[in-house]
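Good morning, and thank you for making the time. I would ask everyone to keep the sequence and the structure in view while I speak.

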Amino acid sequence: MVALSGNLLFIAFLLYLVGTAFFAGSIKDKKAREKDHGPNKWAKIGVTIAIAGFICQVGYFITRWVAAGHAPVSNLFEFTTFFGMCLVGAFIVIYFVYKLPALGLFTLPVALLLIGYAAMFPRDITPLVPSLQSNWLHIHVTTAALGQAILAISFVAGLIYLIKAVDHTKKTKEAIWLEVVLFGVVCTLGFIIISSVFGATGYKSEFHWIDNNNVEETLEYHLPALVGPHEGEHLTPDKFSPLVETPGIINAKKLNTVLWSLFTGAIIYLLFRLFVRKRMTLALQPLTKRVNLDLVDEVGYRSVLIGFPVFTLGALIFAMIWAQIAWSRFWGWDPKEVWALITWLFYAAYLHLRLSKGWHGKKSAWLGVIGFIIIMFNLIVVNLVIAGLHSYAGS
Amino acid sequence: MKKRRLVMRTAILVILFAAVAYTLYANFNKDNVHKVQIGKEAPDFVLVDMDGKEHQLSDYKGQGVFLNFWGTWCKPCEKEMPFINNQYEQFKDQGVQTIAVNISESNLAVNKFIERHGMNFPVVIDKNEDVKAAYGIGPLPATFLINPEGEVVKYHTGTLTEPMVKDFMTQIKP
Amino acid sequence: MMKQVKCECGHVNPHGTVLCESCGRVLVEEEKSKKLVDMRYEGSARRSQTYNKTIIDKIWNFFSSVKVGVTLIIITLAASAIGTIFPQEMYIPPTENASVYYEDQYGFAGEVYYTLGFHNLYSSWWYLLLIASIGVSLVICSLDRVVPLYRALKKQRVDRHEGFLKRQRLYRATTLASIEEDSFENIKVKLKEKRYNIREENGSILAEKNRFSRWGPYINHIGLIIFLIGGMLRFVPGMYVDELLWIREGETVVIPETKGEYYLENHEFILETYEKEKENEAFTTAIENNGTVAKNFQTNVSLYKESGETIAGQEPELEKVEDYELRVNEPLKFEQFALYQQSYKLGEISEMSFALTNKETNEEFGQMTIDLHNPQDEYTFENGYSVELMSYFPDFEFDENSEPVTKSRVPNNPAFIFKMFSPEHPDGEVSFVAIQQTIEPYGDNDLKMAFKGVDTQNVSALTVRKDLTLPILAIGGLIFMIGVVQGAYWNHRRIWIRRLGDQVLVAGHTNKNWHGLKREITHVFDGSGIQEPIDQSDEITNKKGKEE
């Protein structure tokens, strides 16, 4: 059952990849461009494949649930893949309302990156610690993830809007920032690639080091150590030795991973620039040529409208109910809780700005992008860097 | 019309600001809220001292009661015991009763402590910690001053100096 | 009296109205030059903008501004984020002193963090003030907008002014030689199919649906205000209890804050971990990789209620209420209280056994067991042997003068001073005994206290909670959800059809989801001979696009 589940996820991953290619084809298709009505054959195949992928991933989810006896949303890997699944699900629904192939072209890669990112963390089925043994685990986490996924659609819509609407031939602030956002996405890819490469070779180097409380600890790196831990003693001298040593208050291993991700991301980015000889945004712009800006703007806005109540229910209200049952208080200012509140406040501001201040178009698109950055911050940084009740044990 | 609007707005703003002011005030004072309030009647209790004598608070109506909560392990408690003992001797005939409530320790520990410090005033042990709960005692030592009417006059946490003990006992002299 | 504006149609509007409440005619000159009218709040007069004389009005207007509201939200958001950089004081180890902990752990940044008070950010006065300001802003913003909006929607006429219709985003005029009543009827049928409410006057039609969705924002704001009131009530004495109760196995103690009414007995504390042999096979790798994973924290308790009228200190008369297995996620509830499994301490020493032994021959003269919570003064054996307990230190350490003292009353590290009496030593030999340590202060003894064993017990920590604000918070949350769903999942749509001479003017408006409205309009006007309205904002953007 566990193996079947893993295979289904892998198939889903491949299908999303193929689906992306078809969506790209649907936009490149010259014949389709001439007649303006409805999605073309490519797009239809693309969405069919996406649905097949989605079904496979639901299969993964169900089989893993059966195998574990609890909903697979209890660790970082499971949560992030589920998030990716909800994103694809939200896309499929919205696709049938708006028939926007470009949305598929940009959503599926985001889902792919999420699943790829998730796979870099321990994939074991973990038994539940006492505080997680509750039906609220399923209710709270799935609703919260669904809400975030719907909100993430507004990021994709915003991105499409900006890629099309911003004039990338000039060096405006807007153009540069958008390029930075794309670079961030590339670095995620960098993280996945570099972790997979060294993971496949089984790279390992060990250190003894002195932590902040003057206690000696061991640390195991799975990437070559660019930066070493505080007063670190390298135990595997045949492996790459660190260039710099960090002070005790910094987690050297995490910093090392971040550096590697940036480094790999930079290489991918430079290669891209070398071969395409264009800024990334400019290279992507033709893909958005047929997009109706007003429609994309509306998709972005609607996904916030639909996602906001779901997010409130899942990430705040259900969370409070469960926290009251498990920890005796509905709110404890735990970093994860605070970041859910921040996300909520941010989208509340988005809605007010749009409704009352008339922030449409680019401004609204940027807010969609920033909102997703906050969601990702909550998923990645808060889980891995800021310790708290929600922090998943991971590397 | 205009006037009515002004009245409405003023009323709403006053209500809102009063609520905000109360919240801020309550937040500032949340650490000063005590179970037993000054001016209210002190919760009655009955405990047995080390000589087997029963002490019920309500029996001491008409006398002031210097009620001290302590522990043998607590350094500041140890420091103030001789002062309390001295002042007890001064005030016991002036209608001020002293009761020291130990929080749930063994008889042995308390007896050895009394021996070591030559304490003459009644010491009782709150075995079930229900007197502690009734008085909402936090950190030790904690001292309550109860006047002859049985009302709490003062609540003090932290070490006492001898002049303070004297001043306190003077305050509750009948 | 403030100046009121009388429209050509005869309707008298409040001062500051942009679009006549009744017919929709543009009343403000500068708005007339615009291609599209601003439909937010229906062009009604936001009162706050129109009275600005007294200080009360100024304060009112400040909080009435959405700009101020959004600014408050953004400041709160940023402040909340700052609070997560380092752990809040409540999450640092309880034994640590905050004033040194932050500097120790996080260096200079930590020191700054502590100095600025960010270690207690969420209960700081300024953070509370921010939240409170958002609350004030919620009340005033809502009041200021909902009343005029209600008026405008209530007073709207069916045959809107031409200038109003022309300036709608969806608009088109069709010139018809003759108007066929049939196609009009057909349109009405189709509108009804789509659940529109239809009003007709002078041959004009106003089709409207889901007006209630316009109240969604105000309802969710009411929910939020109730929620904030609930949060505020926490500070009212008696509404909220948060106590930690440490209770040993076998102990019966009073539950704090219940006025001595309820007692709890701890029968047993149970800690279970996952064992890979016994569990689901799927867990095997995870258990191997992670080592021990906790499975269950449980305290088996009995809850008692005091039945007599005893006062504190008296032996209470207890009546059992229930036995309960208290686990994480399964609190024990009684009256307004709930007990939660919070923490535990395993293996606290409860009893220690010694044997009075001859050091040379190892001959034992008697065994004794000391109850660490109630040790005896003396333990007597046969043949004239006995042991006196001179001092007892439950939580022993040496103080600055190298004197043995106890840190607390909890037997974490018990130590004793024994006086051992024997026929050979009628005056006794003194021995200091701690764990793994014996000191003989007066030279070499003949006898020793040989350690025989310990008995341990577990201690469970339970949170005692009473929170009377919960129902209010729940109601607030529920109303918020209703309001937000009502506002987000339904759209207020209107379609105007007006006959003016040989022209039919058609305009459409929705507060959101134009795509949906357009599809409905396409369906409604399909085959009617009336051209469906076009999106004038498209034209504007396209024109802009061409100019560039």
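C:Asn202 sits in the loop that connects strand S4 (197–201) with strand S5 (204–209) of chain C. Please bear in mind throughout that this is a predicted model. What is unusual about the backbone of C:Asn202? The residue has a positive phi of about 50°, although it is not a glycine. As general background, most residues other than glycine have a negative phi. Is C:Asn202 buried or exposed? It is exposed, because 9 other C-beta atoms lie within 10 Å, and the exposed class ends at 12.

A second residue of chain C invites the same kind of reading. C:Lys259 is not a glycine either, and its phi is positive at about 60°. It belongs to the loop between strand S7 (252–254) and strand S8 (262–273) of chain C. With 14 other C-beta atoms within 10 Å, C:Lys259 counts as partly exposed.

The two strands that flank this loop take us to a sheet. S7 and S8 of chain C are part of an open sheet of four strands, in the order S7-S8-S9-S10, with antiparallel pairing. Why is one side of S7(C) left without a neighbour in the sheet? S7 stands at an edge, as does strand S10 (318–327) of chain C, and each has a single partner strand, so one side of each has no neighbour there. From one strand to the next, the twist of this sheet averages 25°. S7(C) and S8(C) run antiparallel and are joined by three bridges. One can locate the pairing at C:Val253, whose bridge partner in S8(C) is C:Leu264.

Chain C also holds an open sheet of five strands. Its order is S14-S15-S18-S19-S20, and its pairing is antiparallel. At the edges are strand S14 (378–380) and strand S20 (437–439) of chain C, each of which pairs on one side only. Here the twist averages 25° from one strand to the next. Strand S19 (residues 429–434) of chain C runs antiparallel to S20(C), and three bridges join them. Within S20(C), C:Ile439 is the residue that stands opposite C:Phe432. In general terms, strands of a sheet pair through backbone hydrogen bonds, either parallel or antiparallel.

Let me turn to the contact between chains B and C. How many residues does each chain contribute to it? Chain B gives 37 residues and chain C gives 38 residues. On the side of chain B that touches chain C, the elements giving two or more residues are helix H1 (2–28), strand S1 (46–48), helix H3 (107–117) and helix H4 (130–135) of chain B. The largest share comes from H1(B), with 13 residues. By residue type, this side of chain B divides into 19 nonpolar, eight polar and ten charged residues.

How confident is the prediction for chain B? Its mean pLDDT is 87, and 98% of its residues reach 70 or more. Among the elements of chain B, H4(B) has the lowest mean pLDDT, 86, whereas strand S5 (residues 123–126) of chain B has the highest, 91.

One peptide bond in chain B deserves mention. The bond from B:Leu140 to B:Pro141 is cis, with omega near -10°. B:Pro141 lies in the loop between H4 and strand S6 (142–146) of chain B. For context, most peptide bonds are trans.

Finally, chain A. This chain contains twelve helices and five strands. Its C-alpha trace spans about 70 × 55 × 45 Å along the principal axes. What radius of gyration would a compact globule of 395 residues have? It would be near 21 Å, and chain A agrees with 22 Å. Of the 395 residues in chain A, 50% are buried. Among its contacts between residues at least 6 apart in sequence, 77% join residues at least 24 apart.

A single residue of chain A makes a useful close. A:Arg64 has its place in helix H3 (residues 41–68) of chain A. Is A:Arg64 buried or exposed? It is buried, because 24 other C-beta atoms lie within 10 Å, and 20 or more suffice for that class. Leaving aside residues up to four places away in sequence, A:Arg64 touches A:Ser5, A:Pro72 and A:Ile125. The C-alpha atoms of A:Arg64 and A:Glu78 are separated by 9.7 Å, the two residues being 14 apart along the chain.

Key:
Residues are numbered from 1 along each chain as its sequence is written. Chains are lettered from A and ligands numbered from 1 in the order in which they are written. This is a predicted model: local features need pLDDT of at least 70, side-chain atom pairs count only at pLDDT 80 or more; totals for chains, interfaces and linings use all residues. Two residues are in contact if their C-beta atoms, placed from the backbone, lie within 7 Å. Ala, Val, Leu, Ile, Met, Phe, Trp, Tyr, Cys and Pro count as nonpolar, Asp, Glu, Lys and Arg as charged, and the others, Gly among them, as polar. The radius of gyration is taken over C-alpha atoms; the globule rule is 2.2 Å times the number of residues to the power 0.38. Two strands pair if DSSP finds at least two bridges between them. Axes are lines fitted to C-alpha atoms, for helices over the stretch in contact, and angles run from 0 to 180 degrees between N-to-C directions. pLDDT is the predictor's confidence in each residue, from 0 to 100.
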